[in-house]
Amino acid sequence: MNEIKKDTNAEYHGKGKEVISASGLKMIYKKSVAHYLDSKGITETDSMRLGTAVHARILEPELFDDEIAVLPDLNLRTKDGRLERDQFVERNKEKTVIRKDDMHTVEAIYQNYKHHHLAPDLVQGNIEYSHYGLHEGIEIRCRPDVYNPETKIIADVKTCQDNSPRAFKSDV
């Protein structure tokens with residue numbers, strides 16, 4: 001069952017718990033098999049949405065506008081502002097919605113990445129390909145951000161709140 005294919009994120013995650021991923025293994029390791037089997041999925045946070053937008057901007061910039069929606073400036077202290085936000089989110093329910101100030105952060109990160117002396121070269125290869133296989137009779141899956149078959153480099157785009165060496169080491 002070894003297979004590598006360019007499927008969508010939804011198709012990859014749609015495999016459910018029948019095909020274990022690194023995230024599932026981490027949950028089992030940190031908690032238990034029961035926690036994994038009972039889990040309902042991940043609740044998305046603003047930080048996760050920012051990471052998704054950075055990921056899209058760097059790895060698949062041609063799809064950015066199809067996947068990310070930027071919330072206009074709204075006064076969320078008013079009923080009208082909250083209603084407008086809710087309507088915007090509903091109209092863009094197939095996209096990741098980020099705040100306007102987060103978009104400035106995404107663009108700053110992208111510019112730093114683009115002008116870095118190594119980063120653009122490390123993000124070359126098969127982007128977002130899903131890998132499926134069998135390990136000791138168990139169906140497994142992984143989806144590296146980038147795998148370069150020529151250099152054998154696997155790259156993973158990550159965001160963090162603190163990029164000091166000590167904090168980054170802890171996050172990684």
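Me: How many salt bridges does the count come to?
Reply: The count comes to 13 salt bridges. A salt bridge here is a side-chain nitrogen of Lys or Arg within 4 Å of a carboxyl oxygen of Asp or Glu.

Me: Before we go on, what sort of model is this?
Reply: This is a predicted model, in which local features need pLDDT of at least 70 and side-chain atom pairs count only at pLDDT 80 or more, while totals for chains, interfaces and linings use all residues. Residues are numbered from 1 along each chain as its sequence is written, and side-chain values use heavy atoms, with hydrogens and water left out.

Me: Back to the salt bridges. Which residue does R99 pair with?
Reply: R99 forms a salt bridge with D46, and their closest N and O atoms are 3.0 Å apart. This pair links distant parts of the chain, since R99 belongs to strand β3 (residues 96-99) and D46 to helix α4 (residues 46-59), 53 residues apart. Helices (H or I, at least four residues) and strands (E, at least two) are DSSP runs, numbered from the N terminus.

Me: Is R99 buried or exposed?
Reply: R99 is partly exposed, with a relative accessible area of 36%. Its partner D46 also counts as partly exposed, at 38% relative accessibility. Buried means under 20% relative accessible area, exposed means over 50%, and partly exposed lies in between (1.4 Å probe, protein chains only).

Me: And which residues share partners in one network?
Reply: Salt bridges with shared partners join E44, D46, R49, R99, D101 and D102 into one network.

Me: What does E107 meet in a salt bridge?
Reply: The side chain of E107 meets that of R57, at 3.0 Å from N to O. E107 lies in helix α7 and R57 in helix α4, so this pair ties together parts that are 50 residues apart in sequence. R57 counts as buried at 18% relative accessibility, whereas E107 is partly exposed at 24%.

Me: What about K158, which residue is its partner?
Reply: K158 forms a salt bridge with D156, with the closest N and O atoms 3.3 Å apart. K158 is exposed, with a relative accessible area of 64%, and D156 is partly exposed at 45%.

Me: New topic: how many helices and strands are there?
Reply: The protein chain has nine helices and eight strands.

Me: Which strands make up a sheet with β1?
Reply: An open sheet of three strands has the order β1-β5-β6, with antiparallel pairing. Because β1 (3-5) and β6 (138-142) stand at the edges with a single partner strand each, one side of each is left without a neighbour in the sheet. The twist averages 20° from one strand to the next. For such angles, axes are lines fitted to C-alpha atoms (for helices over the stretch in contact), and the angles run from 0 to 180 degrees between N-to-C directions.

Me: What holds strands together in general?
Reply: Strands of a sheet pair through backbone hydrogen bonds, either parallel or antiparallel. Two strands are taken as paired if DSSP finds at least two bridges between them.

Me: So how many bridges join β5 to β6?
Reply: Five bridges join β5 (residues 130-135) to β6. Within this pairing, L134 stands opposite E139 and G133 stands opposite I140. The hairpin of β5 and β6 has two residues between the strands, and E136 takes a positive phi near 50° there. On the β1 side, β1 and β5 pair over three bridges, and the bridge partner of I4 is H131 in β5.

Me: Where is β7 placed in its sheet?
Reply: Strand β7 is in the middle of an open sheet with the order β4-β7-β8, and the pairing is antiparallel. Two bridges join β4 to β7 (residues 146-148), and N126 stands opposite Y147 in β7.

Me: Last thing, the surface. Which residues make the nonpolar patch?
Reply: L118, L122 and I153 make a nonpolar surface patch of about 230 Å². Patches are made of residues with over 30% relative accessible area and no salt bridge; like charges are joined within 9 Å, and nonpolar side chains (Val, Leu, Ile, Met, Phe, Trp, Tyr) within 5 Å. L118 is found in the loop between α7 (100-114) and α8 (119-122).

Me: How much area does the whole chain expose?
Reply: The protein chain exposes about 12,500 Å², and carbon and sulfur atoms supply 53% of it. Accessible areas come from the Shrake-Rupley method with a 1.4 Å probe; for residues, only the protein chains shown count as cover. Buried residues make up 28% of the 172 residues.
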